[in-house]
Amino acid sequence: MSRVAALEAPPRPHIPASMAAAAGALLSASAVLECGWMEFSSAYTEGTTACGVPAGAVALIFGVIGAVIAIVAGCALWRRACPSWRSGSARLEGRRAVVAFLGIGCLIGACSGAYGCMSRAAAAERILSAPASSFTFAVSGDARAGTYGVRHDAYVFEGKTLVGRVELTSERELPAGTRLRAVGRVEALEADAWGRSSYLEGAVAGVRVVSVLQEAYAPSPVEAVRARALEAIDPAASAGRALVAGIVCGRTTELNTTAAADDFARTGTSHLIAVSGSHLALVAGLVEAAGQALGARRGSRAAALAVLMGAYVLFTGCAASAVRSFVMVACSLFARLGGRRAHGLSGLALSAVGLCAIDPGIAFDLGFQLSAASVLFIQLFGSYLRFRLQRLGLPRGLAEALALTLCAQWATLPLAVPVFGSCSLVAPLANIVLGPVMTALLVAGLATTLAAVALPPLVALLALPAALAQLAIFLVALCARVPYASVAMDLDARAAVALYALAALVYIAWLGIRRAHIACALAVCGVLAAAHVLRWGVFAPPAITVLDVGQADAILIRDGSSAVLVDAGVDDDVGRALARNSVMRLDAVVITHWDADHCGGLDTVLDTVPVGALIVAEGADDSMPADIAALDLPELHAVSAGDGFRVGRYACTVLWPDAPVDGLDNEDSIALIVEYTGAGERCRALLTGDTEVDEERVYASGAGDIDVLKLGHHGSAESVDAEVLGMLEPELAVASAGEGNRYGHPSDVCVSALEVADVAFLCTKDVGDVTISPARGGVSVTVERPP
């Protein structure tokens, strides 16, 4: 009998009823907290309206439903446990247990969510009604470098009473354990995605430090040890030492400023840095081996292991993924001590319910979501995929490593793609290559850091993990340079549901899935993928799309295999916009001028798709911002009025500027006339960058009669007037602006001028992406979502 034929098929893992409690707790807590945020933002942010359903009512509904379900199902289970009721089926009892646990979870989540909303509201009322100098701020966790200063998480105390949590911004980094009194500006959270994220994490306001009145450094014992470890590692010295700090101490502040962080993200290996189950498993193994060598009893070893793992979680910053791992490992440990078989899914359920009870915001924590989803799929499908891969002839070790990576990617794809806008195709290979090096780095890093903290003269030993870290950075850079290592991708809710429905199907069918079924499914996926690539990579229909990238500009011109992006947005939103429009490469990126809302996302564009050239105004290349110049830029071309280029059947001609500029001001923006030259169809559009009426009056005569006007400067009051509209005679005007932007774009003056001139108007903040296609007798317009 061959080795492959002799493989023993794995049994289908049992899903415990306690998983229903986890689902109920996370669902009810997230619903209550979401309603709480709507109420909170309407109360403390100008211009927002109140939530239709109060958080208290949602909590009450979930709580009552959960309590009723738990009591009814629990009583039914108790009756069936009595001798007179034991004739029923075990399957029915199992279903009742699931319902009972679901009710318990809903009740826990509702109570936790309600308490979280009330405590946040009370904290905000106190903090926003008093000057910053009346409080003491205790800095917690690592600092994060921002555009307007260094941000910290800080607990707010009034005397010795804890009031709440805020986001503290200062000019310099404050180490964890710092306590200070300061004069500062207390600011309500903005009613946007950032404000919502801060609220869900527990912060209720922002405080900007103006001057420090009193400062003291009083770290806890764990914080003091961590500070000494970081001092020994010196993460600012090099990318390698920054990686050592990340993997040993959980501090990624310095690593996030290096190119290596982008490479880890591009190759899908960032999880190897984050403190999670693999770290704790290694710590557990080291402690267990030391305990056995010292002859310690089993109970003593277990107690020491629990204490040291808990200390390590505190040491690395108590990330949600690390706490989840600690609870699971602790459950496994105590199960063995009790003579029971450890069950990973039960530990996962317990950790989810426990964390949700302590902090309902955990339901929205991306790190927790990715960690929990990965563990769930590894527990459910790890043995199954390993079995299938071994049946294909892969060695057990390789099959196991590949199965773990595939399970994690399968689980996290619907969660990660909407956030990052890309999918790593090289992740399976990169994880196999980097896994052993990162494990060696963790072992060497822990051992040498511990030695350096205990005996400072041994700090030279840290050269070993630093060298291993440099090797890891070299390998991840190689993997990141593989063509199409990461591809832009956009998954809607239907695709996410399909991926998870496939998981349910595999779990139900299990070994009933034959090799022919797998081959057929792979063939269908291959055909669909090839059709998608051909459709959008070779035969894309001609269109100009004003992309919804918030308070920024990015306009895609595409026809067939040719595509050009005019401006690059301000942040990662441009990557997601390219992904949802299935852009696979760009012939060029045109940067109209150097304002951040037009070029700030260029690094994301370059990381997302291959770019052939960068086009700027003549003279602007000499004033290129330092952060842009530091990028790995494609070939640079400078253009001025009269120059042109083609995008398929689109002819693009530069109308402005008519002289060399430095590209630093709005009036320096490149203005393009884009004309479709296909037979029988027409489209003539004017893209104005940030130019306003003073410049438009000069070049409008060269534009002639147009179909579409892309409004300058996001539809500001000076973006257009009756005179310019009379010269251009557009049928449609489009503005790119972010929802709730503080500038009030598009302005009422601009919109009124368009109404008077009888010009149809669309704004990306209202309808999302706006796509204009050439058509007979005019243009065809489609929007991402109805207004």
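Which residues does Leu-434 touch, not counting residues up to four places away in sequence?

**View 1. Contacts of Leu-434 in the predicted model.** Leu-434 touches Phe-264, Thr-269 and Leu-272. Its other contacts are Ala-472, Leu-475 and Val-476. Residues up to four places away in sequence are left out of this list.

**View 2. The largest nonpolar core.** This core has 71 residues. Leu-434 is among the members that touch the most other members, along with Leu-243, Phe-264, Phe-381 and Met-438. Helix H12, residues 366-391, supplies the largest share of the core, with 10 residues.

**View 3. A second, separate core.** This one holds 58 residues. Among them are Ile-555, Val-647, Tyr-650 and Val-661.

**View 4. Strands E1, E4 and E5.** E1 spans residues 136-146, and E4 spans residues 178-187. The two strands run antiparallel and are joined by 2 bridges. Phe-137 stands opposite Leu-180 in E4. E4 also pairs with E5, again in the antiparallel sense, over 10 bridges. Val-183 has Ser-211 in E5 as its bridge partner.

**View 5. A nonpolar patch on the surface.** Val-183, Val-210 and Leu-213 form this patch. Together they have about 240 Å² of accessible area. Leu-213 lies in strand E5, residues 203-217. The relative accessible area of Leu-213 is 47%, so this residue counts as partly exposed.

Definitions and conventions:
Residues are numbered from 1 along each chain as its sequence is written. This is a predicted model: local features need pLDDT of at least 70, side-chain atom pairs count only at pLDDT 80 or more; totals for chains, interfaces and linings use all residues. Side-chain values use heavy atoms; hydrogens and water are left out. Patches are made of residues with over 30% relative accessible area and no salt bridge: like charges are joined within 9 Å, nonpolar side chains (Val, Leu, Ile, Met, Phe, Trp, Tyr) within 5 Å. Accessible areas come from the Shrake-Rupley method with a 1.4 Å probe; for residues, only the protein chains shown count as cover. A salt bridge is a side-chain nitrogen of Lys or Arg within 4 Å of a carboxyl oxygen of Asp or Glu. Helices (H or I, at least four residues) and strands (E, at least two) are DSSP runs, numbered from the N terminus. Buried means under 20% relative accessible area, exposed over 50%, partly exposed in between (1.4 Å probe, protein chains only). A nonpolar core is a set of buried Ala, Val, Leu, Ile, Met, Phe, Trp, Tyr and Cys residues joined through side-chain atoms within 4.5 Å. Contact means heavy atoms within 4.5 Å. Two strands pair if DSSP finds at least two bridges between them.
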